[in-house]
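Here are my notes for you, written as numbered points. Keep the viewer open while you read and click along.

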Amino acid sequence: MELKEIGIVRNDFEEPQGPDVMRDSESVIEVHSEYEEGLYEIESNNFLQILFYLHLSEGFDLVASRRHGGERGVFASRSPHRPSPVGATVVKLLERNGSELKVRGLDAVNGTPVLDIKPYADPFDSSSPAEEERKEDPRGTIRELIERGDTGKLLLEAGRLHGHFCPYLSLGVVAAQYAVSELENVEPDMEDGVGIVETNSCFSDGIQYVTGCTFGNNALVYRDYGKTAFTLAYRDGPGIRLYFSEEDFLEEEYPEARELFEKVVEEQNGTEEEERQLKEKWREVGFDLVTRSAKDLFDIDRIDSPDLPDYAPIYEDEYCEGCGEKFMAPKGIEKNGRSLCRDCAGEGYLQLDGSGLKEISG
Ligand SMILES: [Zn+2]
Ligand SMILES: [Zn+2]
């Protein structure tokens, strides 16, 4: 077996630090000049996998105790004390200057010999066994995260749906994770579990992502109360309702975020810099909130026989004699002997928008 040192790590760490510290820090990988050509086109990658030689590590135990208690086998841990002392870390590539790569998140000390660099493919983006698994069971990963209580990861994923991170998205994630765990994984595809949201704010997106009860699968009911509250229930009971009672809590715990919110969102009077600050602050508050327990944030009630709508009916189709478009039969209007859609009939309708459920007159 022959390994080459292809470069060396440069940073401020002479001794290993906790992973949290190193994960946030920047390092430079100085690639030796004879290998520089191998970096051609490396800039097209956001993330790289770095393999390095753990040169300070001596000896190993096959089973060792962990920092936070318990024991683990060496191959089930990231311990530096290994039979083959090789470290592997995924880092963010920040910048390339010739033979130097500036990266973030490398947990290797100054002077560590680098063995290899490879592009890192996100399992979500590539065709992989993970992708096949998702075709079989689209919510498998989410269910696992719920079972593990990994609200941080759930929030990270919910951000894909919601588009940003904010306190109310986090509250939705916490409420939903709690409710689903308490009711032992109500699964909306069976239509046996129904979620009821009482607001259409950021909160509802956390609920939809985590519970899988959505507008589209008819497992989500919207009650236009304007309350930050959510109920998850089995059709034949029981159910559980969580109400966010601590509105003051957000202001007290995160006064800076509150001030920025007032200025930027409520008064529409923030500078670009303040908008950026708010986004950052909200993200911070959001990821802090998901570390708190649902019991601290919500009033929680068990409901024995929840009041739920029937299963979604399957309607017959009808074609509008005005526009020719197809609609669900019961939604149509008979007018002057013609069967019309509500639009052509000039009838009023209900609309769910930012202001809640609204009656729009024809
Ligand atoms: Zn939001
Ligand atoms: Zn029509």
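1. Let's start with what helix H3 leans on: its buried residues pack against H4, H5 and helix H6 (202–211). H3 covers residues 140–148, and the buried ones are Gly140, Ile142, Leu145 and Ile146. Right behind the helix sits Gly149, which has a positive phi, near 70°. Keep in mind as you click around that this is a predicted model.

2. Now for one of those partners, H6. How many of the 10 residues of H6 are buried? Nine of them are, so the helix is largely enclosed by the rest of the structure. If you want to pick them out, the buried ones are Phe203, Ser204, Asp205, Gly206, Ile207, Gln208, Tyr209, Val210 and Thr211. A glycine turns up here too: just after H6, Gly212 takes a positive phi of about 75°.

3. Next, the other two partners of H3. Helix H4 spans residues 151–162 and helix H5 spans residues 167–182; their axes come within 10 Å and cross at roughly 125°. Parallel or oblique? That angle makes H4 oblique to H5. As for handedness, H4 passes H5 in a right-handed crossing. On the H4 side, the residues that meet H5 are Thr151, Leu154, Leu155, Ala158, Gly159 and His162. They meet Leu169, Ser170, Val173 and Gln177 in H5.

4. His162 deserves a second look, as its NE2 atom helps to hold a zinc ion (ligand 1). The other donors to this ion are His164 (NE2), Cys166 (SG) and Cys202 (SG), and the distances run from 2.1 to 2.3 Å. Along the chain, the donors are spaced H-x1-H-x1-C-x35-C. Both His162 and Cys166 are buried. What about the geometry? The angles among the four donor atoms go from 91 to 139°, and the site is irregular. The reasoning is simple: a tetrahedral label needs all angles between 85 and 135 degrees, and the range here reaches 139°.

5. Compare that with the zinc ion called ligand 2. Which residues coordinate it? Cys320, Cys323, Cys341 and Cys344 do, each through SG, at 2.3 to 2.4 Å. The angles among these four donor atoms are 104 to 118°, and this site is tetrahedral. In sequence, the spacing of the donor residues reads C-x2-C-x17-C-x2-C. Take Cys320 and Cys344 as a pair: they link distant parts of the chain, 24 residues apart. Cys320 lies in the loop between strand E14 (317–319) and strand E15 (326–328), while Cys344 is in helix H11 (residues 342–345).

6. One more thing about that pair: buried or exposed? Cys320 has a relative accessibility of 4%, so it counts as buried. Cys344 has a relative accessible area of 37%, which means it is partly exposed.

7. Last stop, another pair of helices. Helix H8 (residues 255–266) packs with helix H9 (residues 272–289) at an angle of about 140°, and their axes are 9 Å apart. H8 and H9 are therefore oblique to each other. This time H8 passes H9 in a left-handed crossing. To see the contact, show Glu256, Ala257, Leu260, Phe261, Lys263, Val264 and Val265 in H8. They meet Glu274, Glu275, Gln277, Leu278, Lys281, Trp282 and Val285 in H9.

Notes:
Residues are numbered from 1 along each chain as its sequence is written. Chains are lettered from A and ligands numbered from 1 in the order in which they are written. This is a predicted model: local features need pLDDT of at least 70, side-chain atom pairs count only at pLDDT 80 or more; totals for chains, interfaces and linings use all residues. Side-chain values use heavy atoms; hydrogens and water are left out. Donors are N, O and S atoms within 2.8 Å of the metal (3.2 Å for Na, K and Ca); water is not among the atoms, so sites may look incomplete. Four donors count as tetrahedral if all angles lie between 85 and 135 degrees; four count as square planar and six as octahedral if opposite donors are over 155 degrees apart and all others between 65 and 115; anything else is irregular. Helices (H or I, at least four residues) and strands (E, at least two) are DSSP runs, numbered from the N terminus. Buried means under 20% relative accessible area, exposed over 50%, partly exposed in between (1.4 Å probe, protein chains only). Axes are lines fitted to C-alpha atoms, for helices over the stretch in contact, and angles run from 0 to 180 degrees between N-to-C directions. Angles under 35 degrees count as roughly parallel, over 145 as roughly antiparallel, 65 to 115 as roughly perpendicular and the rest as oblique. A crossing is left-handed if the near helix is turned anticlockwise from the far one by less than a right angle, and right-handed if clockwise. Contact means heavy atoms within 4.5 Å.
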